[in-house]
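New notebook page. I want to get my bearings in a fold I haven't looked at before, starting with one helix and working outwards.

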Amino acid sequence: MASGFVVSVRSLSWLIPMSSDGEVVSTSGESDSPVGEDHIERAVEIAVATRQLSYAPYSQFLMGAGIVGHDGREVRGALVENVSLGLAMCSERVALFNAVAEDLSPAVLAVSSERTDGELTFPCGACLQVALEIAGPDLVVVAVDTDGQRATSVLRSLLPRAPHRYTPRTAPDQPSR
Ligand SMILES: [Zn+2]
């Protein structure tokens, strides 16, 4: 599983180098993340803890999310299912909506869950689309499994050509983007 993980990391053009166990080992060079390691660690802690609060009696797929804002404030989200299945809501979208309600500008989003088909589980496409509008393409996204292994990426790598609308928070600083 470890070797498969490395392959998946390379194939997705991760911007932050990692060791084979998924730890971020360096943020040097042009691909530097503007987000500090402390923000990433805190988001992961929140996601892991919040996963236990999930309400998932139908799928048993517990998932938690943690967001740390550029100002260091935090919000969280837990997966919530319902007997009317279509009403379920992903943990990461709950956290993103909480960020809006708290007027928090997300810098890093971490999600914690079991792997999916052997791979770390990143946010679903719908949640990435929501994240793009709320947090912008530079959002750091971290997936953590139940053993603590993780991978880090940025939203623009996970959802490179999605329809988008810039907001005052997410407008690019540089015209070349
Ligand atoms: Zn989702």
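What should the 15 residues of helix α2 (residues 37-51) span at 1.5 Å a residue, and how far apart are its end C-alpha atoms? I worked it out on this model, which is predicted. The expected span is 21 Å, and the end C-alpha atoms of α2 are 21 Å apart, so the two agree.

Next I looked up which parts of α2 are buried. I noted His39, Ile40, Ala43, Val44, Ile46, Ala47, Val48, Thr50 and Arg51. What covers them? I found that the cover includes the strands β1 (63-69), β2 (74-78), β3 (106-113), β4 (140-144) and β5 (150-154), along with helix α3 (91-101).

Then I went to the largest nonpolar core, which has 42 residues. Ala43, Val108, Leu109, Ala110 and Val142 have the most contacts inside it. At least two residues of this core come from each of α2, β1, β2, α3, β3, α4 (125-135), β4 and β5. I see that α2 gives the largest share, six residues. A reminder to myself: in soluble globular proteins, nonpolar side chains tend to be buried together.

I picked Leu109 for a closer look. Leaving out residues up to four places away in sequence, I listed Ala43, Ala65, Ile67, Glu92, Ala95, Ala131, Leu139 and Val141 as what Leu109 touches.

Last entry: α3 and α4. Their axes come within 9 Å and cross at roughly 20 degrees, so I call the two helices roughly parallel to each other. The crossing is left-handed. Glu92, Arg93, Leu96, Ala99 and Val100 of α3 make the contact with Cys127, Val130, Ala131 and Ile134 of α4.

Terms used: Residues are numbered from 1 along each chain as its sequence is written. This is a predicted model: local features need pLDDT of at least 70, side-chain atom pairs count only at pLDDT 80 or more; totals for chains, interfaces and linings use all residues. Helices (H or I, at least four residues) and strands (E, at least two) are DSSP runs, numbered from the N terminus. The expected span of a helix is 1.5 Å times one less than its number of residues. A residue is buried if 20 or more other C-beta atoms lie within 10 Å of its own, exposed if 12 or fewer, and partly exposed in between; C-beta atoms are placed from the backbone. Two residues are in contact if their C-beta atoms, placed from the backbone, lie within 7 Å. A nonpolar core is a set of buried Ala, Val, Leu, Ile, Met, Phe, Trp, Tyr and Cys residues joined through C-beta atoms within 7 Å. Axes are lines fitted to C-alpha atoms, for helices over the stretch in contact, and angles run from 0 to 180 degrees between N-to-C directions. Angles under 35 degrees count as roughly parallel, over 145 as roughly antiparallel, 65 to 115 as roughly perpendicular and the rest as oblique. A crossing is left-handed if the near helix is turned anticlockwise from the far one by less than a right angle, and right-handed if clockwise.
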